[in-house]
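Subject: Structure for your review

Dear colleague,

Please find below the structure that I am handing over to you, together with its sequence. My findings on its pockets and its ligand follow.

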Amino acid sequence: MGFYGDHVLPRIINAACGMKTAAPLRERVCDGLEGEVVEIGFGSGLNVPFYPDSVTRVAAVEPADLGWKLAAKRLRASSIPVQRSGLDGQSLPFEDDSFDTALSTWTMCTIPDLEQALGEIRRVLKSGGTLRFVEHGLAPDEGVRRWQHRLEPIQKRVFGGCHLTRQIPDLLRDAGFEITELDVFYEDGAPKFVAADSLGGAISP
Ligand SMILES: C[S@@+](CC[C@H](N)C(=O)[O-])C[C@H]1O[C@@H](n2cnc3c(N)ncnc32)[C@H](O)[C@@H]1O
């Protein structure tokens, strides 16, 4: 990825995604995780303190080595076993039907081929397993959308390929997920063009 992607961006993500305002959202999205969990885009492990006791094990998928290193303290403080088990959500090194639940937080914006990654998540989830997600994407308001289209090329360059205009709920449905819970809102404390969130759960039938 180069010096910026390897040594700078994971620190920026750790600081930006670690803002206190995200904590209630992490708590909400992690509620509902259970059993064996695969987390796509583990980052620096900011969800680890929010894993509920119903989680028995987590397989973390994350390309950035520095993200994994920055997670060390949070991992030591948790009693839930977490193993870095993969590098790319587009190609998961797991058998079919391996996991009870899956987690993705602010990651679907960045994965280059999201359709492929969602297919992979469906493949490794057991039938009836749930994907819990909170993701930013295309805003509900036209005025904000215009800015998102204007700023997306810069956002992609600065934030490692982060898209602003993905329609996450539609992409989940297109991948065959059944959305069972969905809350769409602007996150507090961030400009609207990066704060149009979708939070919920989707079952892989
Ligand atoms: C905005 S960060 C969010 C990190 C973390 N989920 C959180 O909530 O703090 C996006 C993450 O997706 C990771 N990522 C990028 N491409 C990926 C891919 N192809 N597969 C899995 N994760 C990826 C990045 O390295 C980064 O850690």
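The lining of the second largest pocket comprises 7 nonpolar, 4 polar and 4 charged residues. Please note that this is a predicted model. The volume of the second largest pocket is about 150 Å³. Its lining is made up of 15 residues, and those nearest the centre are Leu138, Gln167, Pro169, Val184 and Ser198. Two elements, α7 (168-174) and β7 (196-203), each give two or more residues to this lining.

The largest pocket has a volume of about 1,100 Å³. A total of 47 residues line the largest pocket, and Ile13, Cys17, Trp106, Cys109 and Thr110 are the ones nearest its centre. The elements that contribute two or more residues to this lining are α1 (2-17) and β1 (35-40). Of the elements, α1 gives the most, with 7 residues. By class, the lining of the largest pocket divides into 26 nonpolar, 16 polar and 5 charged residues.

What occupies the largest pocket? The space in question is the one taken by the ligand.

I turn now to the surroundings of the ligand. The ligand is surrounded by 16 residues, with Gly41, Glu62, Asp88, Gly89 and Thr105 the closest. This shell consists of 6 nonpolar, 7 polar and 3 charged residues.

Three polar approaches to nitrogen atoms of the ligand may be of interest to you at the bench:

- Asp88 places a polar side-chain atom 2.9 Å from a nitrogen atom of the ligand.
- Gly89 approaches through its backbone, with an N or O atom 2.8 Å from a nitrogen atom of the ligand.
- Thr107 has an N or O atom in its side chain at 3.4 Å from a nitrogen atom of the ligand.

How much of the ligand's surface does the protein bury? Taken alone, the ligand exposes 590 Å², and the protein buries 89% of that area.

In viewing the model, you may wish to begin with Asp88 and Gly89, which are both among the residues closest to the ligand. Asp88 makes its approach with a side-chain atom, whereas Gly89 does so with a backbone atom.

Yours sincerely,
A colleague

Key: Residues are numbered from 1 along each chain as its sequence is written. This is a predicted model: local features need pLDDT of at least 70, side-chain atom pairs count only at pLDDT 80 or more; totals for chains, interfaces and linings use all residues. Side-chain values use heavy atoms; hydrogens and water are left out. A residue is near a molecule or strand if one of its heavy atoms lies within 4 Å of it. A polar contact is a pair of N or O atoms within 3.5 Å; within protein, one must be able to donate a hydrogen and the other to accept it, and residues adjacent in sequence count only if both atoms are side-chain atoms. Accessible areas come from the Shrake-Rupley method with a 1.4 Å probe; for residues, only the protein chains shown count as cover. On a 1 Å grid over the protein atoms alone, a cavity is a set of points where a 1.4 Å probe fits but cannot get out, and a pocket is an open set with protein on both sides within 12 Å along at least five of seven lines; lining residues have an atom within 4 Å of a point. A molecule sits in a cavity or pocket if more than half of its atoms lie within 2 Å of its grid points. Ala, Val, Leu, Ile, Met, Phe, Trp, Tyr, Cys and Pro count as nonpolar, Asp, Glu, Lys and Arg as charged, and the others, Gly among them, as polar. Grid points are joined across faces, edges and corners, and a volume is the space filled by probe spheres set on the points. Helices (H or I, at least four residues) and strands (E, at least two) are DSSP runs, numbered from the N terminus.
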